[in-house]
Structure formats: structure tokens, C-alpha cells
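User: I'm new to this structure and would like a close look at one part of it, the sheet and whatever packs on it. Could you walk me through that in plain words?

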Amino acid sequence: MSWNMYKTHHRYGGVRGDTLLDFGTGASIYHLLSACEVFDKIIVSDLLEQNRTEFQKWLNKDPDAFDWTPIIKGVCELEGNRENSEKKAEKLRSKVKQVLKCDALKRNPYDPVIVPPADCLLVCLCLETPCKDVRSYCNVLKNFKDLLKPEGQILILGTLNGTYYHAGKKRFSLLSSKKEDLEMAFKEAGYIIEKAVYTLRADKSNIDVADYEGHYFIHAHKPK
């Protein structure tokens, strides 16, 4: 996720509630730093055990955990609270209630755990690899509906028109999606789109690492 996209959407567009599901958290916390101000409970999740373990290290203040302090300070500055980075970290830790395994391609993505319907589902840069085409992307969106309360919100950020990315020497495929494909998938899955933002990739210096052309952010909700 680009830092500029984060700055644009870090306040969650006025979305708030009791419970936030963060799907495909990875080992990251940056996208949750503003969420802890507007949600009482946060459930994080990832497919990979090593990512869940790394997140748990930060949660437990393990001395070997990655140091997110510069990012936390940056978010505090965006929110106008430059001196509260430690309080921000503790608030986020207090709001995270579960760290779960998830799989986007399962009918119940948290199987075997049954998660009560939430107010909001957040998905950042994790559907491009498991979804091989727009049809599978649409099916995942349909499964996500069961995770939301009536009128529950879904916030998804991803890449546009990519075909691959590299992690070290390993090459992964990316879902090649266009604006029209994404909006069609949301509508076919039964969501009402509230906002859609598309930005072109400004820095192409690492095009050999990943060839996506831009980012998208879609805010939609499940009907009553």
C-alpha cells in the first residue's frame, strides 16, 4: 500500500462501529493505527503462520518484534497528535481481541472459527494472489458478505492491472483487474458502492519487482 493512499484514507471515511475484521493483516499494523480510534474490537487474521506469529510478537511487546515506532509517529502526526505515539500503540494493542488464520477461498474464510457478523471488514493488498480472475474475486466478495452485519461496511485496497510480483526469488501471480471489472464484481456480489478511488503508480523504479499500474480503494456496504 502506498503511503499517499494511506494518507488519503487513514480516517476510514467516517466508518466506525463495534467490531472491525482485518482480513489478510500480514505482519503489519500501519493500516490499523487509525482503526483503533473508531472501533472497540479488532480481529486480525492471516493465512501464513509466520505472519501471525510476527504480529503476535508486536502485540506481546516481544523484544524481537519489528519496531513500528516511526510509522506510529507518522500516523499520529497525520491525526494531529504528535506526542502520543506510545499511547497510540497501547490503544491498538488493547483493541486487538483475536489473531486468526484465514483463507480467502473458503466459504467461511475463518473456518473452523465462526466469527460473529462485524460492522466493518478491511482488506489491504491480499486478494490479488489467491483470486486468479474476476470471477473468483467476485466469489470471495460474496463469501465476505456473511462476515458483515446488515449495512456493514467493506473497505478494500488493492492493485490495478498487475500480473506478477516477486518476494525474494519467488514469483507470484497477480489478479489483473481494471476499474470496470472491480465495480462489476462488487455489484454482482450484492454490495452498494459508496466510494471508489483509483490512482496511477507514480514510482516505477521497482517495476521488475511488481508490474501493477496503480492502486484502487473501494468503500461499499452490504444492504439491509
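**The sheet and its helices**

Analyst: Let's start with one pair of residues: L21 stands opposite L121 in β4. Keep in mind that this is a predicted model. The two strands involved are β1 (residues 17-23) and β4 (residues 118-124), which run parallel and are joined by 4 bridges.

Now zoom out. β1 and β4 belong to an open sheet of 7 strands, in the order β3-β2-β1-β4-β5-β9-β8, and the pairing is mixed. At the edges you'll find β3 (96-101) and β8, each with a single partner strand, so one side of each has no neighbour in the sheet. On average, neighbouring strands here are turned by 15 degrees against each other, if you ignore direction.

Next, the helices. α5 packs on the sheet, where it touches β1, β4, β5 and β9, and its direction makes about 150 degrees with that of β5. α6, for its part, lies across β5, β8 and β9 and runs at about 160 degrees to β8.

α6 is worth a slower look. This helix covers residues 179-188, and its buried residues are L182, E183, A185 and F186. Look down the axis of α6 and those buried residues fall within an arc of 155 degrees, so they line one face of the helix. What do they pack against? The buried residues of α6 pack against α5 (134-145), β5 (148-160), β8 (192-200) and β9 (214-221). Turn to the face pointing away from that buried side and you meet E180 and K187, which are exposed. After α6 comes G190, with a positive phi near 95 degrees.

Back at the sheet, have a look at the loop between β3 and β4, which is where D111 is found. D111 has 42% relative accessibility, so it counts as partly exposed. Its C-alpha atom is 9.7 Å from that of L100, and the two residues are 11 apart along the chain.

One last stop: the cysteines. A search of the whole structure turns up 0 disulfides. C76 is in none, and the nearest cysteine sulfur to its own, that of C36, is 8.8 Å away. C76 is buried, with a relative accessible area of 1%. For C131, the closest cysteine sulfur is in C126, at 8.3 Å, which is too far for a bond. C131 is buried as well, with a relative accessible area of 0%.

Terms used
Residues are numbered from 1 along each chain as its sequence is written. This is a predicted model: local features need pLDDT of at least 70, side-chain atom pairs count only at pLDDT 80 or more; totals for chains, interfaces and linings use all residues. Side-chain values use heavy atoms; hydrogens and water are left out. Buried means under 20% relative accessible area, exposed over 50%, partly exposed in between (1.4 Å probe, protein chains only). The arc is that of the directions from the helix axis to the C-beta atoms. Contact means heavy atoms within 4.5 Å. Two strands pair if DSSP finds at least two bridges between them. Axes are lines fitted to C-alpha atoms, for helices over the stretch in contact, and angles run from 0 to 180 degrees between N-to-C directions. A disulfide is a pair of cysteine sulfur atoms within 2.5 Å.
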